[in-house]
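Student: Hey, I've just opened this one and I don't know my way around yet. Can you walk me through it?

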Amino acid sequence: ITSIGLDHQQYLGSTIEAIAFEKACIAKPGVPLIVGPVGAEARRIIEATASGRGAKTVIATDGVELERLGERRLRLRTPSHDYGTLELGLAGDHQVDNALVAVRVLEQLEGCGLHVAPSAVARGLKAVVWPGRLDFRRLPDGRELLLDAAHNEDGARALATFLETATTAPLPIVFAAMRDKDASAMLRALAPHASVLVLTRASNPRSADPQDLFNLARAVRPALPLEIAAHPTEALELAWQHGPRIVVAGSIFLLGDVLRAIGS
């Protein structure tokens, strides 16, 4: 379990505590459950639920020395290994926590007879690729896109944190979301980093109406320039009219549409 956030509430529950319980139910008897940085209450519930199912909880940060050395670099020592300086293939501060969980999972597998050398861990973390997650693309004509699913509030906050540190000025943002997502919370996180917001609809029947997103965005940030595009391809062209580099976020389905549109 890498993290706990408010998402898929119709299936998992409406509170962090309820979602923590549902996620902890993945625990299996005799199988270690590795948990990333979560809040104290979520951790308590996860540990209690795992214990009740006969699973040991391993908190990824326990006994760990981790020093962040800048963008995509960290120094890591765990109770099992000193990995030295590591480089991450994935951008974003949150990927440091995800990498730590992955490393601790591999360490647990050593008890099952599967040994992964620290040098192999280092190569894997550096080489990993995840399309649509802080995914930078440059088209042959020089236009650029930063693609990030950011399909819930936590994802939007993570993207906002990245934009705050990696960009010098707000950028045009193309945005779409599903009707069952808290689009207002997502827009609150992203709007401060947008020079203009182009609201569109992904090719999925669950996609929210762009006019509804327009109304939410207007309430969140009244002075922000807003535009509506009926289709993602139109949204891209509108956004590029405001600058050569744009951001596309808010829905995995939107990213799929955009990747097809640019031929990726």
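Tutor: Sure. Keep in mind that this is a predicted model. Let's start with a pair of helices: helix 9 (residues 232–240) and helix 10 (residues 252–261) have axes that come within 9 Å and cross at roughly 75°.

Student: Okay, so how do helix 9 and helix 10 sit, roughly parallel or roughly perpendicular to each other?

Tutor: Angles from 65 to 115 degrees count as roughly perpendicular, and therefore helix 9 and helix 10 are roughly perpendicular to each other.

Student: Which residues make the contact?

Tutor: Helix 9 brings Pro-232, Thr-233 and Leu-236, while helix 10 brings Leu-254, Asp-257, Val-258 and Ala-261. Sorted by class, that contact has 5 nonpolar, 1 polar and 1 charged residues.

Student: And what about Ile-262, where is that found?

Tutor: Ile-262 is in the segment after helix 10. Leaving out residues up to four places away in sequence, Ile-262 touches Leu-139, Leu-145 and Leu-236. You've met Leu-236 already, as part of the helix 9 side of that contact.

Student: How far apart are Ile-262 and Arg-137?

Tutor: In sequence they're 125 residues apart, but C-alpha to C-alpha they're 9.6 Å apart in space.

Student: Switching to sheets. What's the order of the strands in the one with 6 strands?

Tutor: The order is 6-7-11-8-9-10, in an open sheet with mixed pairing. Strand 6 (135–138) and strand 10 (226–228) are at the edges with a single partner strand each, so one side of each has no neighbour in the sheet. On average, neighbouring strands here are turned by 25° against each other, ignoring direction.

Student: Mixed pairing, hm. In which sense do strand 7 and strand 11 pair?

Tutor: Parallel: strand 7 (residues 144–148) and strand 11 (residues 245–249) are paired over 5 bridges. Within that pair, Glu-144 stands opposite Arg-245 in strand 11.

Student: Which helix lies across strand 7 and strand 11?

Tutor: That's helix 6 (residues 153–166), which runs at about 145° to strand 7. Elsewhere on this sheet, helix 8 (residues 210–220) lies across strand 8 (171–175), strand 9 (194–199) and strand 10, and its angle to strand 10 is about 175°.

Student: Back to helix 6. At what angle does it pack with helix 7?

Tutor: About 10°, and the axes of helix 6 and helix 7 (residues 183–190) are 8 Å apart. That angle makes helix 6 roughly parallel to helix 7. On the helix 6 side the contact is made by Glu-153, Ala-156, Arg-157, Leu-159 and Ala-160, and on the helix 7 side by Ala-185, Met-186, Ala-189 and Leu-190.

Student: How many of those are nonpolar, and how many charged?

Tutor: In the contact of helix 6 with helix 7 you get 7 nonpolar and 2 charged residues, with no polar ones.

Student: Now the sheet with 3 strands. What's its order and pairing?

Tutor: The order is 3-4-5, again an open sheet, and the pairing is antiparallel. Strand 3 (65–70) and strand 5 (82–87) each have a single partner strand, so these edge strands have one side left without a neighbour in the sheet. Neighbouring strands are turned by 15° against each other on average, direction ignored. Helix 4 packs on this sheet, touching strand 3, strand 4 and strand 5, and its direction makes about 140° with that of strand 3.

Student: How many residues are between strand 3 and strand 4 in the hairpin?

Tutor: There are 2, and Arg-72 in the turn has a positive phi of about 65°. Strand 3 and strand 4 (residues 73–77) pair over 5 bridges, and Glu-65 stands opposite Arg-77 in strand 4.

Student: Last thing: how many cavities of 30 Å³ or more are there?

Tutor: The search of the whole structure finds 1, with about 40 Å³ of space in it. The lining is His-81, Tyr-83, Val-103, Leu-106, Glu-107, Glu-110, Val-116 and Val-121.

Student: Which helix gives the largest share of that lining?

Tutor: Helix 4 (residues 94–109), with 3 residues. By class, the lining has 5 nonpolar, 1 polar and 2 charged residues.

Definitions and conventions. Residues numbered from 1 in each chain as written. Predicted model: local features only at pLDDT ≥ 70, side-chain atom pairs only at ≥ 80, totals over all residues. Heavy atoms only, no water. 1 Å grid on protein atoms, 1.4 Å probe; cavity = no way out; pocket = protein on both sides within 12 Å on 5 of 7 lines; lining within 4 Å. Points joined across faces, edges and corners; volume = space filled by probe spheres on them. Helix = DSSP H or I, 4+ residues; strand = E, 2+ residues; numbered from the N terminus. Nonpolar A, V, L, I, M, F, W, Y, C, P; charged D, E, K, R; others polar. Pairing = 2+ DSSP bridges. Axes fitted to C-alpha atoms, helices over the stretch in contact; angles between N-to-C directions. Contact = heavy atoms within 4.5 Å. Parallel < 35°, antiparallel > 145°, perpendicular 65-115°, else oblique.
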